[in-house]
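This report concerns the internal packing of a single protein model. Please consult the sequence and the structure while reading.

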Amino acid sequence: VRRIILLVHRVPASGAFTLNDLAGGGGRMDEVARCVSTAFLASNELRRELEMTLLFAPTPPVGARRIRIQGERIRFLHPDERSTAALLKNALVRAIPMEQDVEASPGLVVGPIDPVAELTRWAAAPGAVWLTEAGVAPESLPLGEETVAILGDADDPTPAEQEILERAGVPKVSLGPRSLRASQCVDVWQNVLDRRAAAGSG
Ligand SMILES: C[S@@+](CC[C@H](N)C(=O)[O-])C[C@H]1O[C@@H](n2cnc3c(N)ncnc32)[C@H](O)[C@@H]1O
């Protein structure tokens, strides 16, 4: 299974933003939505082997939230970022009164989390890597079939998040000499994995 963990920093976790202002009041939900649609939608096929987890840091009036998206089950995902943002916003709004995970729409599970415990768990997962400009080339790492790529959204991981990743010793992987947008990283990373899979080594 391929997993991607996106650390979302400024999107209101209550879903209290308008689809007409995804970049401003939406806290860069435009980029988060772009990451999701580009992660799952290739030219003419859905990447069913992919699972993506969005970790929303605490934003009053509700606490941290996790949205898990399963490629095997996802429906209603379209290439445009506005409809993807609507899907994610609906999930966040659905989760407001919830104390447990709920499937807000097929393949999209949302619920409350302890963000420190959640990131600590992912950092310890087999195949975890931290996508960062300050890493090594992916070719120098022995990636297996199970990968967990962790990256920031429009912002880098916070100092507290970076400390969790550092403490766990998560290998740092660079996707190139330039600082890329998160959605571009998602594409480049999947290309790395696609090439490995095609060559029979991952
Ligand atoms: C838009 S970037 C964050 C801001 C960026 N570090 C800057 O200085 O402009 C979002 C995330 O993409 C990932 N990223 C960006 N460029 C990368 C690269 N060349 N290699 C690996 N990951 C990268 C990192 O996880 C980063 O936190």
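The sections below describe the sheet, the helices and the nonpolar cores of this predicted model.

## The sheet

The strands form an open sheet of 8 with mixed pairing, in the order β4-β5-β3-β2-β1-β7-β6-β8. Because β4 (102–105) and β8 (172–173) each have a single partner strand, they stand at the edges, and one side of each is left without a neighbour in the sheet.

Strands β1 (residues 2–8) and β2 (residues 50–56) run parallel and are joined by 7 bridges. In this pair, Ile4 stands opposite Met52 in β2.

## Helices on the sheet

Helix α1 packs on the sheet and touches β1, β2 and β3 (65–70); its direction makes about 165 degrees with that of β2. Helix α2 (residues 81–95) lies across β2, β3, β4 and β5 (108–112), and runs at about 130 degrees to β3.

## Contact between α3 and α4

The axes of α3 (residues 115–123) and α4 (residues 159–168) come within 9 Å and cross at roughly 30 degrees; the crossing is right-handed. Val116, Leu119, Thr120 and Ala123 in α3 meet Glu161, Ile164, Leu165 and Ala168 in α4. The residues of this contact comprise 6 nonpolar, 1 polar and 1 charged.

## Nonpolar cores

The largest nonpolar core has 46 residues, of which Met52, Leu54, Ile67, Ile69 and Trp189 touch the most other members. Helix α1 (residues 29–40) supplies the largest share of this core, 7 residues. A second, separate core of 16 residues includes Leu7, Ala64, Val148 and Ile150.

Leaving aside residues up to four places away in sequence, Trp189 touches Ile4, Val129, Leu131, Leu143, Thr147, Ala149, Val173 and Leu175.

Methods:
Residues are numbered from 1 along each chain as its sequence is written. This is a predicted model: local features need pLDDT of at least 70, side-chain atom pairs count only at pLDDT 80 or more; totals for chains, interfaces and linings use all residues. Side-chain values use heavy atoms; hydrogens and water are left out. A nonpolar core is a set of buried Ala, Val, Leu, Ile, Met, Phe, Trp, Tyr and Cys residues joined through side-chain atoms within 4.5 Å. Buried means under 20% relative accessible area, exposed over 50%, partly exposed in between (1.4 Å probe, protein chains only). Helices (H or I, at least four residues) and strands (E, at least two) are DSSP runs, numbered from the N terminus. Contact means heavy atoms within 4.5 Å. Axes are lines fitted to C-alpha atoms, for helices over the stretch in contact, and angles run from 0 to 180 degrees between N-to-C directions. A crossing is left-handed if the near helix is turned anticlockwise from the far one by less than a right angle, and right-handed if clockwise. Ala, Val, Leu, Ile, Met, Phe, Trp, Tyr, Cys and Pro count as nonpolar, Asp, Glu, Lys and Arg as charged, and the others, Gly among them, as polar. Two strands pair if DSSP finds at least two bridges between them.
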